[in-house]
Amino acid sequence: MIFMDMQGLEAKWRGRWGKGKAYEPEAGEGKKKFITAAFPYPNSPQHVGHGRTYTTADIYARYWRLRGYNVLFPMAFHVTGTPILGMAKRLEEGDEELLSIFENIYGIPREKAESLTQPEALVLYFSREIEEGMKEIGYAIDWRRKFYTFDRHFNKFVQWQFRKLKAKGYVVKGTHRVAWCPSDSNVVSAHDTQGDVDPEIEEVTCIKFKYKDGWLVASTYRPETIYGVTNIWVNPAEKYVKAFHGEEAYYISKTAARLLSLQIPMEVAEEIEGAEIVGGAAEAPDGRKVPILSAEFVDARLGTGVVMSVPAHAPYDYLALRDLGKLGELKPVVVMTYPGLKPGAIPAQEVVERMKVPDQNDAKAEDATKELYKAEAHGGIMSIGDFKGIGALAAKEKVKDKLAGEGRAFNLFVLAKGPVFCRCGAQVCVKLVEDQWFLDYGDGEWKAETKEWLGKMCIMPEGSRKDYLATIDWLREKACTRASGLGTPFPFDKGKIIEPLSDSTIYMAFYTIAHLLKDADPEELTEEFFDYVLLGKGKGRKEWEKVREEFLYWYPVDSRHSAGDLIRNHLPFFIFNHVAIFPEKHRPCQIATNGFVMMEGKKMSKSFGNILPLRKAIREYGADVVRFSVVAGADLTQDTNFERSVAEGVRGRLEHLYSLLDYGKEDGDGRMEKWLKSRMSRRLIALPELYEKLEMRALAQNVFYEVMHDLQWYLKRADSPKLKWFFQKWAAIVSPFMPHFAEEVWESVGGKGFVIDAAFPKGDSKLVDYGLEMGEELVSSVRYDVEKIAERIGAKPKKVFVYVPVAWKFDAYNLMRERKNLKDLMEFGKKGKLDMESVSRFGKGLMGKVHSLPDVLPSKEEYGALHDAAGFLSKELGAEVVVRKEEDYLKADSSAGLKVMEGGHPKASNAMPGKPAIVLE
RNA sequence: GCAGGGGUGGCAGAGCCUGGAAAAUGCGCGGGGCUUAGGACCCCGUGGCCUAGCGCCUACGCAGGUUCAAAUCCUGCCCCCUGCACCA
C-alpha cells in the first residue's frame, strides 16, 4: 500500500503555483470573470464555516478559469467598526473570559493574546492568520491587491463615494431613534443588554385624560378601544409625578418621566404617590368621566405607567375588575366584534371563562390576552364609535390620527418586550438622536432603479430573489455614521466615522486598482482621480490611464459571493450603491449566497466550544478534503454539516484513488473502457451547467461520489484496468473542488502544465452509449436477482441459467409502451400467428404498470450484454452462469422426443424484456 | 405583528417548478472481505410480508379535491425555523 502524504502533496503544489504566479492575472484583451466574496472581519481566526463562502467562490473562479477565462479573485480585510476596539480594550484590561476564549478556542498563547492591546495589532494578527489559512486551503487569490479598510488610500476612495452619493441627494441628515443607556450615554444593541435581549423599538399611543389641572397620560397599543374605556389603572405602590411639557402638565410614573424625557422634554414639578391618584376620576376624550382604580399589575417602568382599562377587550382589565368586584358598576363596553363571537358576548369575558383564568396574577391571563388580540387584530370589526364597520387595524390608525388632531394623543417610542436592561444595570430607553446622517434607501427613485437592476441580475439560488425584493422594499433611511471606531472619516461632519455596512458597498471596484496605488501618496487620490478612473470623467493625467484601463477591464463584478444572512443588509446595499454610482455596464451581474456550516449537526458557537478552526481542520484532513466537506454536503441555501466521519470517508477515497494511479499509464478501448467513457462523457456534458448554477450537491455527486461508483464497477468488470483517459478527464473536472490532488493525478497521467490551467474537457456525445450502459445495468440487476433468489431458497446455486425473452416479446413490449392497451397487442399477436395464450398472459402482466414502462434494450443487445458478462457473473456468483434464449427452452420442450434440456424450467417463459428469467440449480 | 422559508426513512438530505418504480447520495447500524490488530477501503443488507427474483401492502405534517396516476398540482388546517437594522 502506497502511503499518501497529503500535507506534503499539497505543499508541493502550492509551492509550484506560487512560483508560477498562477493567481496573478493581468488586465488584457481576452474574456474575463471578476469574482469576489465578502471580505472577512479579522477579529478572530476563521473556522471551517467561514471557509464555505470562500470555497464556493474559489470553485466558481476555478471553473471559469478552466473554461478559458482570465479570472480575478481578490481579497481584503474589513476592519471598520467597534468590535475590534472593544476587544482590544478588553484584552488590555486582562478580561479573563476573553483571554480564555483566545487560549482555549482560538489556540492563541496567553502571552501573545496579552500583547494584542492595540486595535491595529489585533487586526494585523488575525488578518495574517486568516491570510495564511486561505493560502493553505489553496484559494486562487491574487494577494497583490490586498488592502485594509483603514488604509488611507481606501479612505479616499470611500470619501469619493460619499461625495457622489451626497451630490445625488442620497446622504441626508435627520433625527433617529436608538436604544440608549442613560447611564453609559451610549447606543445599546443586543450584545450590550443583560441576557442579550434585542432592544426592539416600537410605537405606543399616549392618550390624554383630563385630570385635575392637567392630563393623566395613558399609554396603549390599542387606541381603537378608547370607546370601551371604563376606568384608569394606576399602581398605588409606585411613585408618580406631575411634569411640565411646555405649558401642559402630565401625570405619569416617575420612571416614565425620566425615560421619556429623552423624547419629549419634561420638567418634573412634584412627586406624588400612586395611592394618592387612585380614587380620583379623569375625563376621556369623548367626555365621559371614568374612575381611577388601583392595580398592581401596572408596571411603572413600561410606557407612561398609566393604563386605560378596557375590560371588554383586555383580559387583564376584565380580570382586575372582577378581582375588585367592580364588574357590576363598571359594565364592559364592547367596541368590536369578530367572526366566531356569539352575539351579545363580551370578548374578554368569553376568553377568560373558556380558559378558566382564575385571576389577574395567573399565567393564563397572558395566553388569553394573546389569543384575543390575535382574533381581534385579524377579524375585528368596529361596532361602535366614529369608525363603526371598519376593520380593527385600520381603525387603530384612524383613531390615532383623530385623537392626535384633537390634541388628545401623541406617539412615543418604547422598547418592546420591556423592560430591557443594559449590562451596566440601568434600564434602556429610547433616545432621539439629532444630526444623524443617513443613506436614504427609502428614496423612491433610487429604490425603483435598484429593483429594476435586481431584475436584470442573476441571483443564486433563484429562490432567494424574493428576499432581496422584500428587503429592498422595506429599507428606509440607514444611519451611516457613528461616533467612534476604525474606518473612514465621514467627509461632511468632522469626528464621525462611516459606519461599517456603509463603507463596504462598492469596494470591489477598489480591488481592480489597489495594487497600482500602493506607492501613491494618498493625497494624490483626489476627486478628479477617482472621477476619471472609475467614471471616465474629465481629462485625467497620463499616469492615470493605466489605472483606468485596469478598472475598465475587470469591472463589473461578475459574481459576488457571501453567506445568506447578508441578503438583509450588505447585498442590497451593494446593489443600491452600484446603481447610484455606476452606469449600467459597471453594475454587478450576479450574486450567489450560501448557508452556514454546522459542526456534527450542531450550530458552531463559542459557547458550545465546537468551533473547528480552519487551519486545524486542514492539518487534520488536508486542504482538499476540507474544501470538499464544507461545500459538498448540501445545496447552496441549506446549512451543511461538517462531520468528521464524512471527512474521513472522503480522505479514504482519495487514498484509494491514489493507489489506482498506476493504472493511469495506459488507455484501452474494450467494452468496459467504452462503458467508462460513456459514463464520463455524459458527465462532461452535464457538468458545465451544474458548475454555472453552482448546484453544489449535484456537483459533488457527479464529480466525486458517482465517479467513484463507476470506477468501482469498472474495476470489477475490467480484466486489466486502463485508466489514463479517465484520470485525465477526472483531474480536470474535480480540480475546482480539489486542486492539489487533481494536480497530482494530472501529473501522474502525463498531463501538461498545471491542471488548473487545462481546458475544461468537452463532453463528446458520440462516446455516450446508452445501450452499453443499459446492458451493464442489466448485468448488475441479474446478479442482484440471483443473489436474492439464492438467499430466499437458502442454498448456493451450482449453476445459473439466464433466459433472454423470445424476440416477439420485445416488439410486444414496445407496442404496449406506446399504445397502452391490450386490444392492439392481441391484434399484433394474431398477425404474427403467435401463441395467443402467451401473448395474453404477457399483456396482462404489463397492463398494471402500462403508464410507466421503462425503456429496454433490443433483444439482440440484451442477449449480447448478458452473454458477454457470463464469465463475470460466474466469478461474482461463484457458480457457472449460462445465458440462453427463451426459444431454446421452448424448442427443447416442445420436441417431445428429446429429453428436457439441462436447466430447462417452465420459468423460462416468464422472461420479460429487461427482466430475464432466472433458473437456479 | 410584518416579511421570508420549511415539515420525506434511525439521522442528514435529494426529489417537488416540468405529476408516472421503497424514494438519489452520504452518515449511522448489521453481516462479510482485506488486515497481526484497529482505522481506512471494498462487497451485501437496513419499512412490513412473500407463492425462489420479476410480487404485494404501507409511507412523504393533517384533512379534503383534481387525475388512469400526487411527496409532486389545488383548497383548508396544524406545527417549526429565520430576519426586523445601524450591527459585524
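Angles under 35 degrees count as roughly parallel, over 145 as roughly antiparallel, 65 to 115 as roughly perpendicular, and the rest as oblique. Hello everyone; keep that in mind for the first helix pair. One reminder before we start: this is a predicted model.

So, how do helix α21 and α24 pack? Helix α21, residues 623–632, meets α24 at an angle of about 140°, and their axes are 9 Å apart. The two helices are therefore oblique to each other. On the α21 side, the contact is made by F628, V631 and A632. On the α24 side, M696, R697, A700, F704 and Y705 take part. If you sort the residues of this contact by class, you get seven nonpolar, no polar and one charged.

Let's turn to the RNA. Which residues come nearest to RNA strand B? There are 57 residues around the strand, and Y41, K466, K478, N569 and I789 come nearest. Of the strand's atoms that come within 4 Å of the protein, sugar and phosphate account for 58%.

Three contacts are good to look at on the screen. In the side chain of K466, an N or O atom sits 2.2 Å from a phosphate oxygen of RNA strand B. D467 has a polar side-chain atom 2.5 Å from a sugar or linking oxygen of the strand. With G649, a backbone N or O atom lies 3.4 Å from a phosphate oxygen of RNA strand B. The elements that give two or more residues to the surface near the strand are α15 (465–474), β19 (477–479), α22 (644–659), α24 (696–717), α27 (770–793) and β29 (917–920). You'll recognise α24 there from the helix pair with α21. By class, the surface near RNA strand B has 20 nonpolar, 18 polar and 19 charged residues.

Now for two buried helices. In α25, residues 724–734, eight of the eleven residues are buried, so the helix is largely enclosed by the rest of the structure. The buried ones are W725, F726, F727, W730, A731, A732, I733 and V734. What do they pack against? Their partners are α2 (48–66), α22, α23 (671–692), α24 and α26 (739–748).

Helix α16, residues 508–517, has nine of its ten residues buried, so this helix too is largely enclosed by the rest of the structure. M508, A509, F510, Y511, T512, I513, A514, H515 and L517 are the buried ones. What covers them includes β1 (32–37), α7 (152–167), α17 (527–535), α18 (545–554), β22 (559–563) and α19 (570–581).

Staying with α17 for a moment, D531 is in that helix. Is D531 buried or exposed? It has 13% relative accessibility, so D531 counts as buried. Leaving aside residues up to four places away in sequence, D531 touches W160, K164, G536 and K537.

I'll finish with two loop residues. P199 lies in the loop between β4 (186–187) and β5 (201–211). With 11% relative accessibility, P199 counts as buried. P199 and V430 are 231 residues apart along the chain, and their C-alpha atoms are separated by 9.4 Å. E29 is in the loop between α1 (6–19) and β1. This residue is exposed, with a relative accessible area of 79%. E29 and S127 are 98 residues apart along the chain, with 34 Å between their C-alpha atoms.

Thanks for listening!

Note on methods
Residues numbered from 1 in each chain as written. Chains lettered and ligands numbered in written order. Predicted model: local features only at pLDDT ≥ 70, side-chain atom pairs only at ≥ 80, totals over all residues. Heavy atoms only, no water. Near = heavy atom within 4 Å. Polar contact = N/O pair within 3.5 Å; in protein donor to acceptor, adjacent residues only side chain to side chain. Helix = DSSP H or I, 4+ residues; strand = E, 2+ residues; numbered from the N terminus. Nonpolar A, V, L, I, M, F, W, Y, C, P; charged D, E, K, R; others polar. Axes fitted to C-alpha atoms, helices over the stretch in contact; angles between N-to-C directions. Contact = heavy atoms within 4.5 Å. Buried < 20%, exposed > 50% of the residue type's maximum accessible area, 1.4 Å probe, protein only.
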